[in-house]
Structures are given as C-alpha cells and as structure tokens.
Amino acid sequence: MTVKTNTGAFAAPADFGGVIRAVLAAEDWNRLHPNLAFAHSTGRGRRAHGEIRFAYGNSVLAKLCRLLMRLPRPGLPTFTELSITQEGVSEVWLRSFDGLPVSSTQRPTSVGLTERFRFVEFDMAVRVDDGRLFYESTSMSLRLGFLRAPIPKLIAAHVIAVETWEGSGTRINVSVLSANNQLFFSYRGALDWEEWK
C-alpha cells in the first residue's frame, strides 16, 4: 500500500516509533517535512525505491574504497531499494544498489544516533532545519562484539548527509570524506516510500 503525503496533510501511521523520532525533541519532530516524518515513522516497516548516482574522489584511498565495497560505476543511474525494520529500540536499514546489499543498524543515543556497518560504527549528530534532516558524524570506531575502539579524528572518515523532499518522496545526498575533507564517495537521488502491508 503506497501512502502519499503532501505539505498540506499528513496521515500518521499507528506507530510513531523510530530512531529519528527518539532522537529529536518533540518540537524538532513537528518541524520535519511530512514526507520525512512518514519515512522515519517505522510503524510496521518502510520500503523505498528510486534511482541514485554515485561519485568518487580521485585519491588512491577513494579508489580502494570503491573496489573493496564493490560500489556502482560513477554517474550512472543506480536502481536503489531500501527497507527499514524496527528491532527493539534499533532499526535495521537494508539497502540494495543494483542488487548489491549494504546493511546497517541504527540506534538512538543521548546525543544523536549510532549507525553500525559490520565492523565500523559512526556516531551521528542529527538536526532539523527548514523541514530538512541533517546528519553529521562526530566520531568513528571499530566494533567487534562489545569491544569498541575509537579511531583518531586525524584518520577517521567523516559522513555528511541531508534528507529533503521531492514530490511524494524524499531526496537524499550523502558524502563520505577523509579527515582532510577529500571525497571518498558520495551518492544522491530520490526515493518513493511505501508502508508495509
């Protein structure tokens, strides 16, 4: 069942649970554009699909990063699917870029959220501005079970992301940078959302 939203009305799902809802103060949540509020109100679960395009830096590390992660070719439209499911206070994000799966787990913290990709974990600050969601990493760590080893800021990757809206969906813009602000990779595009039946 596809549920469309617009700036004039927002049909709220029965369950407003979700990591972003837990992270933001009530007044910030209420300032979110309805499309973003819908996408982050987990309820029974959310699915999205659309096209995004990747870009890469020219450094050796950027090329190695793309090779190891098997990321798509630059500039070409990449069919993207995303599903979000809630597990306790956390959310599991499963992305598919032209069939390449990339999963992560997000959980709320006292200062924002933490997102874990296998053995790598980012602490993220989250804020709302003009109805948009802004994310910025504040630290990066290696994680193995309960063991967590912070990576020094001088060598840690830095993540910046923005979510806005487009039509009845959302538009995303994500950049992963080196400590000296050199691009590793970025991707941007639009997603249309639906609630699980």
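## Starting at Ser-186

Let us begin inside strand β11, where Ser-186 is found. The model is a predicted one, and this residue is a handy place to enter it. Is Ser-186 buried or exposed? Its relative accessibility is 12%, and buried means under 20%, so Ser-186 counts as buried.

Which residues does Ser-186 touch, once those up to four places away in sequence are set aside? The contacts are Arg-53, Phe-54, Ala-55, Val-174 and Ser-175. One of these, Phe-54, will come back below as a member of an aromatic cluster.

## The chain as a whole

Stepping back, the chain has 197 residues, and 45% of them count as buried. Its secondary structure consists of 4 helices and 11 strands.

For contacts with a separation of 6 or more, 51% are between residues 24 or more positions apart. The chain has an accessible surface of about 10,800 Å², and carbon and sulfur atoms hold 57% of that area.

## Strands β7, β9 and β10

Next come three strands that are linked through β9. Strand β7, residues 132-144, pairs with strand β9, residues 158-166, in the antiparallel sense over 4 bridges. Within this part of the model, Leu-133 has Glu-163 of β9 as its bridge partner.

Strand β9 also pairs with strand β10, residues 169-177, again in the antiparallel sense and over 9 bridges. Here Glu-166 is bridged to Gly-169 in β10. The hairpin made by β9 and β10 has 2 residues between the strands, and Gly-167 in this hairpin takes a positive phi near 55 degrees.

## The nonpolar core

In soluble globular proteins, nonpolar side chains tend to be buried together. In this model, the largest nonpolar core has 43 residues, and Leu-133 and Phe-185 touch the most other members. Which strand gives the largest share of this core? That is β11, with 5 residues.

Leu-133, already met as the bridge partner of Glu-163, has a long list of contacts beyond four places in sequence. Among them are Ile-20, Leu-24, Leu-32 and Leu-36, along with His-40. Val-126, Arg-127 and Val-128 also touch Leu-133, as do Ala-161, Val-162 and Glu-163.

## Aromatic pairs and their cluster

Searching the whole structure gives 4 aromatic pairs. In one of them, Phe-54 and Tyr-56 are stacked, with 6.1 Å from centre to centre and 10 degrees between the planes. Both Phe-54 and Tyr-56 are buried.

Another pair joins Phe-97 and Tyr-187 in a tilted arrangement, at 5.7 Å centre to centre with 55 degrees between the planes. This pair links distant parts of the chain, since Phe-97 belongs to strand β3, residues 90-97, and Tyr-187 to strand β11, residues 183-195, with their positions 90 residues apart. Why does Phe-97 count as buried? The relative accessible area of Phe-97 is 6%, and the cut-off is under 20%, so Phe-97 is buried. Tyr-187 passes too, because its relative accessible area is 13% against that cut-off of under 20%. Taken together, Phe-54, Tyr-56, Phe-97 and Tyr-187 form one aromatic cluster.

## Arginines over rings

Two arginine–phenylalanine arrangements round off the picture. The charged end of Arg-46 sits over the ring of Phe-38, at 4.1 Å from the ring centre. Arg-127 lies over the face of Phe-134, with a distance of 4.4 Å to the ring centre. Arg-127 is also one of the residues that Leu-133 touches.

Methods: Residues numbered from 1 in each chain as written. Predicted model: local features only at pLDDT ≥ 70, side-chain atom pairs only at ≥ 80, totals over all residues. Heavy atoms only, no water. Pairing = 2+ DSSP bridges. Phe/Tyr/Trp six-rings, centres within 6.5 Å; stacked < 30°, edge-to-face > 60°. Buried < 20%, exposed > 50% of the residue type's maximum accessible area, 1.4 Å probe, protein only. Lys NZ or Arg CZ within 6 Å of the ring centre and 35° of its normal. Contact = heavy atoms within 4.5 Å. Areas by Shrake-Rupley, 256 points an atom, 1.4 Å probe, with all protein chains shown as cover. Core = buried A, V, L, I, M, F, W, Y, C linked by side-chain atoms within 4.5 Å.
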